[in-house]
Amino acid sequence: FIKVEEKKNNLPGTMPFDLSKHNSADSHVAREMLKRLEKDMKLHADMENARRVPAILGLMESDFTPLSANSPDAQILGSLVAKGIATLEKLIERLLRLRQVD
């Protein structure tokens, strides 16, 4: 019932601009700071790109669009809630059966 969503857009591991040629980047401290920023950008991008988002099967992201858009349509919201409850009830039922087998 759980799947892992693949990320659609990976973050780049490089800065979107080059400051190394800037007048203020001539000093040792500035060069070291730029190296640190480049390493931090790569580390952050690698961590984010490796991260996976778990999702419950049977519930799609599009199912929640009316919720996030604060839709006043109670019928749609009720339908989504009912679908979510039914999926979770199936999951609980299967987990209980699996526990009995164990």
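Of the 102 residues in this protein, 13% count as buried. The model is a predicted one. Its accessible surface comes to about 8,600 Å². Carbon and sulfur atoms account for 60% of that surface.

Start with the layout. The protein has 3 helices and 2 strands. Along the sequence they follow the pattern β-α-β-α-α. Contacts also reach across the chain. Among those between residues at least 6 apart in sequence, 73% join residues at least 24 apart.

Next, how far to trust each part. The mean pLDDT of the protein is 81. A value of 70 or more is reached by 78% of the residues. Confidence varies by element. Helix α1 has the highest mean pLDDT among the elements, at 93. Helix α2, residues 65-68, has the lowest, at 54.

Helix α1 deserves a closer look. It runs over residues 28-50, which makes 23 residues. From its first C-alpha to its last it reaches 33 Å. That is close to the 33 Å expected at 1.5 Å a residue. Which residues of α1 are buried? They are A30, L34, A45 and N49.

Now turn to the charged side chains of α1. Side chains of opposite charge can pair when their charged atoms come close. The structure holds 5 salt bridges. One of them joins D40 to R36, with the closest N and O atoms 3.1 Å apart. Both residues lie in helix α1. They are 4 residues apart, about one turn of the helix. How exposed are the two partners? R36 has 54% relative accessibility, so it counts as exposed, since the cut-off is over 50%. D40 has 33%, so it counts as partly exposed.

A second bridge in α1 pairs K42 with D46. Here the closest N and O atoms are 2.9 Å apart. The spacing is again 4 residues, about one turn of the helix. K42 is partly exposed because its relative accessible area is 46%. D46 is partly exposed as well, because its relative accessibility is 40%.

Helix α3 covers residues 74-101. It carries a salt bridge between the side chains of R97 and E93, at 2.9 Å from N to O. These two residues sit 4 apart in the helix, about one turn. Where do they fall on the accessibility scale? R97 has 45% relative accessibility and therefore counts as partly exposed. E93 has a relative accessible area of 45% and is likewise partly exposed.

Charge is one side of the surface; nonpolar side chains are another. Which residues make the nonpolar surface patch of about 240 Å²? I2, I56 and L88 make it. I2 lies in strand β1, which spans residues 2-5. At 54% relative accessibility, I2 passes the 50% cut-off, so it counts as exposed. L88 falls within the residue range of helix α3, 74-101.

To retrace the route: the chain follows β-α-β-α-α. Helix α1 has the highest mean pLDDT of the elements. Its buried residues are A30, L34, A45 and N49. It also holds the bridges D40 to R36 and K42 to D46. Helix α3 holds R97 with E93. The patch of I2, I56 and L88 completes the tour.

Methods. Residues are numbered from 1 along each chain as its sequence is written. This is a predicted model: local features need pLDDT of at least 70, side-chain atom pairs count only at pLDDT 80 or more; totals for chains, interfaces and linings use all residues. Side-chain values use heavy atoms; hydrogens and water are left out. The expected span of a helix is 1.5 Å times one less than its number of residues. Buried means under 20% relative accessible area, exposed over 50%, partly exposed in between (1.4 Å probe, protein chains only). Patches are made of residues with over 30% relative accessible area and no salt bridge: like charges are joined within 9 Å, nonpolar side chains (Val, Leu, Ile, Met, Phe, Trp, Tyr) within 5 Å. Accessible areas come from the Shrake-Rupley method with a 1.4 Å probe; for residues, only the protein chains shown count as cover. A salt bridge is a side-chain nitrogen of Lys or Arg within 4 Å of a carboxyl oxygen of Asp or Glu. pLDDT is the predictor's confidence in each residue, from 0 to 100. Contact means heavy atoms within 4.5 Å.
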